[in-house]
Structures are given as C-alpha cells and as structure tokens.
Amino acid sequence: CGIFGVIGASDAANFVALGLHALQHRGQEAGGIVSHDADQGFNSVRRFGYVRDNFTDQNVMKTLPGLLAIGHVRYSTTGSKGQTAIRDVQPFFGEFSMGGAAIAHNGNITNADALRRELIERGSIFQSSSDSECIIHLMARSLQRNIPERMEDALRRVEGAFSIVAMTRTKLIGVRDPLGVRPLVLGKVGDGWALSSETCALDIIGASFVREIKPGEMVVITEKGVESIFPFRPAKSRFCIFEHVYFSRPDSILGGRSVYETRREIGVELARETPVDADIVCPVPDSGTPAAIGYSQESGIPYAMGIIRNQYMGRTFIEPTEQIRNMGVRLKLNVNRALIKGKRIILVDDSVVRGTTSRKIKEMVLDAGAAEVHFRIASPPTAWPCFYGVDTPQREKLLAATMSEEEMRQHLGVDSLRFISLDGLYRAVGEANGRDPDAPAYCDACFSGEYPVEPADMISKGFEL
Ligand code: 5GP
Ligand code: SF4
Ligand code: MG
C-alpha cells in the first residue's frame, strides 16, 4: 500500500490526492482520503479504483477541506480474500475521547487475529476485516492522556510490519515499526510538512525531501514543528529488500540510494553471476527495465525493447484473482515481432512468483520466432510467502517452493533460467560483503525463509517455518 499525509497547507487533501497518484504503483484497488477542518471536523472519501478517477473531481475534493489530510492507496495482502470491500478501504477513522483519529497503514500486522479476538471479547465493534483497524481500537481503549501516547501504547501491542500515517484534529503523526520493514519519508512543503511512503510523491507536490523516518521512530508534527520519539525497544533494522527489487518506484530514493541505480546495479551483478551468449537483452517492462539496462552494460550485449507494454494497464501481479492475472499478461505486454525473429534473446525480469508472467512471455517470444530464450531474474527464487505487506500467494503456489531451478526451467520451457544469488542482491543494494548470515541487514524472508518477526497468526493457522 501507499500512504501520504500533509499538515499546514491549504486544501491539504489536494496535495494528498497528488501524492497518492504518485504512489499508485503501491496499490490500485482502492484509495481514500480523510481531512480535518476546524469548522467541519473530520471528512472522509473512500473509493474503489484509481486516484485519478476519484480524487480529481473538485466536487469531491470540496468535501475534504482543511489544512490537514491523510490518504491511502490499497493493495490487499494476506488478510483479505478476493475482492476488497469498501469497508476495508483506508484511512480508518474513529471518534473517541480526545477527539478521535484517522490512520493509514502500510504493512501487515502479524498478530492481528489474536488482537481482534481479544478486542471483540472486550467489547470493541469492528467495522472492517482489515488487520489495521486493531490499531484504532487499541488507541480508543488506551488510558494515556493524549492521542500520540495512546498510539504508542497501541503500537507496543502490535507485531509485524507497519509504516503509519495518522492524524488527530491538530497533529500529523508518522511511525515506522522497530525493524523499519516498510518505507516512510518526511518532506517539507511550503510552511507545512508531508509524510510519504516514497520520495517520488514528494516530488509531485514540490515538497523537498527532508529525511527518512527511522525504524522505530514516531514523529508528531504540528505547526510548531516535528517532534521525534522512539517508543519501542531498539532493534536492528530489517528493511524489505524487495522494495529495492520491485515495489518502490525507480525515481525514489531509498536508504540514501536511487532505486533506479540499485536496480541497474542488480543487473550488473546478475550479468557477472549468470553470463550467457546471446544477441539481445530485453527487459520485461516495466519492472525488469533498469536491471536489463545493467545486464546489457555489463555483458556488452545490446539492449533492445523486445516486449512492448501497453501503458494503460496496471501491474498484473496486483490484480487479485488468478483469472484476471492470466489474461493480464496479454493485455499488458506484447512482443516486438520484427526485432525478435531469429534472435537469441535474454529476458530480464524482477521476479518469478507463480511463473504466470514468464510462461506467457516465453510463449509469445517463441511464437514470434526467437531462436533461444534465456531468463535472467533480478531476485533470488521466491520460495516463501511475505507476511509483511506484499501479496505473495500461499507457499504451494510459489514455483520455487516446490521446484528446483532446473525443474522451473523445464516448467517454463526456456533454454536457460538463472536467478541472482542472495549475496549478489545484497552487494547490489550496497552491502559490499554480501549477506551477513548472522545479522542480515534486510528482511529477505520471501527468498530465505528467515522471518524477522514471527508470523504468529499464520503459525496458529498451521503455517510451518
Ligand atoms: P508471476 O507471474 O511469476 O506470478 O509474477 C511475477 C511478476 O509479477 C513479475 O513480472 C513482477 O514484476 C510482478 N510482481 C508484481 N507485484 C509483485 C509482488 O508483489 N511480488 C512479486 N514477487 N512480484 C510481483
Ligand atoms: Fe519484503 Fe520479502 Fe520481507 Fe516481504 S518477505 S517484507 S517482500 S523482503
Ligand atoms: Mg513485472
């Protein structure tokens, strides 16, 4: 998901709409904005679909007045099944003593089932099926004196991955979980402030990038400025390495590095580790593009656009049903026949999850007369589900969970299939010595099966580590 908030700017909701539009790649199912205005109090609009279709109409934006607003773009993860219900669209808003609050959450709470059961037993009335709603109820029940302290209280009970943008009547609040699994950055816009999942959304509103919120940090922002608190027990950070590979936009800055540059470096590393003789290097657009550029630069094999993407389709993976996903590949990608005929072609993609994309693409490329097809993948085999906010399927559906690399190659029907090593990936994201097995610098659970936070709900449902 993508989250964004603004304080101290007139018509803050308009800024939030623009910010969410720049974060649309993080979630396309639905979006919502809550604003607060001194006269009108809290207002909220939550809709299915793209930001540009819902939050550009000034008749809608007029209903979201005020100097303070937050928003969310949704992409449903492990919690929800199938189609999102409107009641699960964030931000969540609750009225309780001291005026209430709204929150937008990116990540996944790994003990949400247990918390929900406990809260319901104690009388909480849930509006949604979302894990994030627990936070509002925990805040409402807290005995602390003010909302930021109630939020600290609530979040100390919560396990898993959370980057949060929240608001009260007068404050904008940002938090990252102690491991800092999901991103969150601070920006300055005029006399006000912005919080955003990624820096690309600061650019769109002309905000300057101030800094990242630190893992375990909570910032409380008022017109007086930014107050920083560290409510949790300190821990070694474990940022999601897959944000570097796929999730974030290439024009964002993560951990002080350009995502584009990191992805190009992944391609360089991939070319070193998995060389092959061929005529052209083609990206699977858009997610494979920077890595393909790096692969071409390092190998000296010319880069070419062998696959053309229809710009009017979203990210296929994020479409929640299998059927739409299957069609999605063809709706979104087509081969450049004239270029491909008779060529030995290296296809670079960011990841293989179910193998749907790669299989379809291989068929299209062979159909177009390619002489050989070599897949090069910019991440290690995805063999484990993510429980921290990226929608990977159940373990059985992951190709790499049940097949060896050679079996996957046969299943995809390609001449060769190679993945970057986990060490190679760490080098590319800036860890010169690769992955430290005793204290990895990132979360890489979907590749390694080493979960930095125990997925308690999943384990009680029978998931085996
Ligand atoms: P597959 O078709 O193998 O199931 O999925 C791989 C494709 O999904 C890749 O092209 C990748 O760019 C895309 N993708 C989109 N979202 C995600 C995600 O959240 N996780 C992973 N691993 N791949 C994703
Ligand atoms: Fe990121 Fe993978 Fe960890 Fe999920 S399991 S947070 S996708 S590295
Ligand atoms: Mg892709």
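Colleague: UniProt positions are given in the numbering used here, feature names are shortened, and annotations may be inferred rather than shown by experiment. Which residues does UniProt list for "binding site" (unreviewed entry)?

Modeller: This is a predicted model, in which local features need pLDDT of at least 70, side-chain atom pairs count only at pLDDT 80 or more, and totals for chains, interfaces and linings use all residues. Residues are numbered from 1 along each chain as its sequence is written, while chains are lettered from A and ligands numbered from 1 in the order in which they are written. For "binding site", the unreviewed UniProt entry lists Cys 240, Cys 386, Cys 443 and Cys 446.

Colleague: What is the largest C-alpha distance among these residues?

Modeller: Cys 240, Cys 386, Cys 443 and Cys 446 are spread over 207 residues of sequence. They nevertheless cluster in space, and the largest C-alpha distance is 10.1 Å.

Colleague: Is Cys 443 buried or exposed?

Modeller: Cys 443 is found in strand β23, residues 442-443 (strands are DSSP runs of E with at least two residues, helices are runs of H or I with at least four, and both are numbered from the N terminus). It is in contact (C-beta atoms, placed from the backbone, within 7 Å) with residues including Cys 240, Tyr 388 and Pro 452. A residue is buried with 20 or more other C-beta atoms within 10 Å of its own, exposed with 12 or fewer, and partly exposed in between. Cys 443 has 25 or more by a clear count, namely 26 C-beta neighbours inside 10 Å, so it is buried.

Colleague: Which residue of the "binding site" list does Cys 446 touch, not counting residues up to four places away in sequence?

Modeller: Cys 446 lies in helix α17 (residues 445-448). With 27 C-beta neighbours inside 10 Å, it counts as buried. The residues it touches include Phe 242, Trp 384 and Thr 392. Another of them, also in the UniProt list, is Cys 386.Colleague: Where does Cys 1 lie?

Modeller: For "active site", the unreviewed UniProt entry lists Cys 1. This residue counts as buried because it has 25 C-beta neighbours inside 10 Å. Among its contacts beyond four places in sequence are His 72, Asn 106 and Gly 389. Cys 1 lies in the segment before β1 (2-7).

Colleague: Which elements do the buried residues of α10 pack against?

Modeller: Helix α10 (residues 289-299) has 8 of its 11 residues buried, so it is largely enclosed by the rest of the structure. Among the buried ones are Thr 289, Tyr 295 and Ser 299. The buried residues pack against α9 (259-273), β17 (280-283), β20 (344-349) and β21 (372-377).

Colleague: How many nonpolar, polar and charged residues are in the contact of α5 with α6?

Modeller: Ile 135, Leu 138 and Met 139 in α5 meet Arg 150, Met 151, Ala 154 and Leu 155 in α6. Ala, Val, Leu, Ile, Met, Phe, Trp, Tyr, Cys and Pro count as nonpolar, Asp, Glu, Lys and Arg as charged, and the others, Gly among them, as polar. By class, the contact of α5 with α6 has 6 nonpolar, no polar and 1 charged.

Colleague: How is Lys 360 classed by its C-beta neighbours?

Modeller: Lys 360 is found in helix α13 (residues 356-367). Beyond four places in sequence, it is in contact with Val 329 and Arg 330. It has 18 C-beta neighbours inside 10 Å, so Lys 360 counts as partly exposed.

Technical notes:
Two residues are in contact if their C-beta atoms, placed from the backbone, lie within 7 Å.
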